[in-house]
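Biologist: I have a new structure to read. Where do I begin?

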Amino acid sequence: MRPLAQLLPERVSPELRYLETKWASLMAYGLATRLIHEVLPIDATHNATTVRNQLLHDA
């Protein structure tokens, strides 16, 4: 098993989680997702549903 996978079992960086939570609390999930795609080099599977689920998971 990779060392990073042991530290981050959900495979989501704390920075990404922070931006998802902050921006999704301030704007629509779709808009937050588009903004995240503009600032970070992440794959297309990250979408508004992903942001919503992460936000609800953190609550």
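Modeller: Start with the surface. Accessible area is computed by the Shrake-Rupley method with a 1.4 Å probe. Here the protein exposes about 4,400 Å². Carbon and sulfur atoms supply 61% of that area. Keep in mind that this is a predicted model.

Biologist: What percentage of the residues count as buried?

Modeller: A residue is buried when its relative accessible area is under 20%. Of the 59 residues in this protein, 25% meet that mark.

Biologist: How many helices and how many strands does the protein have?

Modeller: It has four helices and zero strands. Read from the N terminus, the order is α-α-α-α.

Biologist: Which residues make up the largest nonpolar core?

Modeller: A nonpolar core is built from buried residues of certain types, joined through side-chain atoms within 4.5 Å. The largest one here has nine residues: Val12, Leu16, Leu19, Trp23, Ala24, Ala32, Ile36, Val51 and Leu55. Helices α2 (14-26), α3 (29-39) and α4 (48-58) each give two or more residues to this core. The largest share, four residues, comes from α2.

Biologist: Take one core member. What does Ala32 touch?

Modeller: Skip residues up to four places away in sequence. Ala32 then touches Trp23, Ala24 and Met27.

Biologist: What share of the contacts comes from residues far along the chain, 24 or more positions apart?

Modeller: Take the contacts with a separation of 6 or more. Residues 24 or more positions apart account for 39% of them.

Biologist: Now a charged residue. Where is Glu20, and is it buried or exposed?

Modeller: Glu20 is in helix α2. Glu20 is buried, yet it has no salt bridge.

Biologist: Why does Arg17 not count as its salt-bridge partner?

Modeller: A salt bridge needs a side-chain nitrogen of Lys or Arg within 4 Å of a carboxyl oxygen of Asp or Glu. Arg17 is the nearest side chain of opposite charge, but it is 4.4 Å away, so the cut-off is not met.

Biologist: Which side chain does Glu20 join in a polar contact?

Modeller: That of His46, at 2.5 Å. Glu20 is also in contact with Ile36, Thr50, Val51 and Gln54, leaving aside neighbours within four places in sequence.

Biologist: Where is His46 found? Is His46 buried or exposed?

Modeller: His46 is in the loop between α3 and α4. It counts as buried because its relative accessibility is 8%, and the limit is under 20%. Beyond four places in sequence, the contacts of His46 include Leu16, Thr33, Ile36, His37 and Val51. Leu16, Ile36 and Val51 are also members of the largest nonpolar core.

Biologist: What lies between buried and exposed?

Modeller: Partly exposed, the range between 20% and 50%. Ala28, in the loop between α2 and α3, counts as partly exposed because its relative accessibility is 48%. Gly30, in helix α3, is partly exposed at 29%. Lys22, in helix α2, is partly exposed at 38%.

Biologist: How do I compare places along the chain with places in space?

Modeller: Use C-alpha distances. Gly30 and Asn47 are 17 residues apart along the chain, and their C-alpha atoms are separated by 7.2 Å. Ala28 and Ala48 are 20 residues apart, with 8.6 Å between C-alpha atoms.

Biologist: How far apart are Lys22 and Ala32 in space?

Modeller: They are 9.0 Å apart, C-alpha to C-alpha, and ten residues apart in sequence.

Conventions: Residues are numbered from 1 along each chain as its sequence is written. This is a predicted model: local features need pLDDT of at least 70, side-chain atom pairs count only at pLDDT 80 or more; totals for chains, interfaces and linings use all residues. Side-chain values use heavy atoms; hydrogens and water are left out. Buried means under 20% relative accessible area, exposed over 50%, partly exposed in between (1.4 Å probe, protein chains only). Contact means heavy atoms within 4.5 Å. Lys and Arg count as positive and Asp and Glu as negative; His and the chain ends are not counted. A polar contact is a pair of N or O atoms within 3.5 Å; within protein, one must be able to donate a hydrogen and the other to accept it, and residues adjacent in sequence count only if both atoms are side-chain atoms.
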